[in-house]
Amino acid sequence: MKLLDRIFHREDLGHGPDGPYMRRWTLLRLFDYRLYVHRFLESDEGNHLHDHPCDVLTFMFRGRYIETTPALKRSARTEKERRSFPNQTTLKVYSAPCLRRFRAEHIHRIDLLSENIGKTWTLCLFLPKRRDWGFYLDDGSFVRWDEYSG
Ligand SMILES: [Fe+2]
């Protein structure tokens, strides 16, 4: 396994009190496209919803996760509208096999049930980065990923 970890550049993401939340292997890097295998080790860090730097195509081939999204997705188009988010969310369970595509602007967080910790895997294609990303606090304000403290 160590040889595969080297070949596919294994890295752990997140260094919160619960340890890394994800283990990642890079299968392919072509121009600004990246193909990863992700193993979910914990729920996402912090307690807040986040968006993304790029569009994502993801195939869950094992396991299950719970996704939390804002209840009113279409109101997330502008900064002003984001700030006026009602503090309401929707939960949805995704189980393997499951193919999903979401845009960088998609706002969510991923949580794992204890039985799925370390047992949820995805093959994930990241399209080229095209925006800054970050977290949405309870009052609707936006904090960049590198300024977020959880
Ligand atoms: Fe995410």
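The protein chain in this predicted model contains two helices and twelve strands. Taken in sequence order, the elements of the protein chain follow the pattern α-β-β-β-β-β-β-α-β-β-β-β-β-β.

Let me turn to the sheets. One is an open sheet of six strands, ordered 1-2-3-10-5-8, and its pairing is antiparallel. Its edges are formed by strand 1, residues 11–13, and strand 8, residues 98–102; each has a single partner strand, so one side of each has no neighbour in the sheet. On average, neighbouring strands here are turned by 25 degrees against each other, with direction ignored.

Within that sheet, I would draw your attention to strand 2, residues 22–30, and strand 3, residues 33–40. These two strands run antiparallel and are joined by eight bridges. As for individual positions, threonine 26 is found opposite tyrosine 36 of strand 3.

I come now to another open sheet, made of three strands in the order 7-6-9, again with antiparallel pairing. Here strand 7, residues 89–95, and strand 9, residues 109–111, occupy the edges; because each has a single partner strand, one side of each is left without a neighbour in the sheet. The average turn between neighbouring strands of this sheet is 30 degrees, direction ignored. Strand 6, residues 64–70, runs antiparallel to strand 7, and seven bridges connect them. Tyrosine 65 stands across from tyrosine 94 in strand 7.

Finally, the chain as a whole. Of its 150 residues, 14% are buried. Among contacts in the protein chain with a separation of 6 or more, 67% are between residues 24 or more positions apart.

Methods:
Residues are numbered from 1 along each chain as its sequence is written. This is a predicted model: local features need pLDDT of at least 70, side-chain atom pairs count only at pLDDT 80 or more; totals for chains, interfaces and linings use all residues. Two strands pair if DSSP finds at least two bridges between them. Helices (H or I, at least four residues) and strands (E, at least two) are DSSP runs, numbered from the N terminus. Axes are lines fitted to C-alpha atoms, for helices over the stretch in contact, and angles run from 0 to 180 degrees between N-to-C directions. A residue is buried if 20 or more other C-beta atoms lie within 10 Å of its own, exposed if 12 or fewer, and partly exposed in between; C-beta atoms are placed from the backbone. Two residues are in contact if their C-beta atoms, placed from the backbone, lie within 7 Å.
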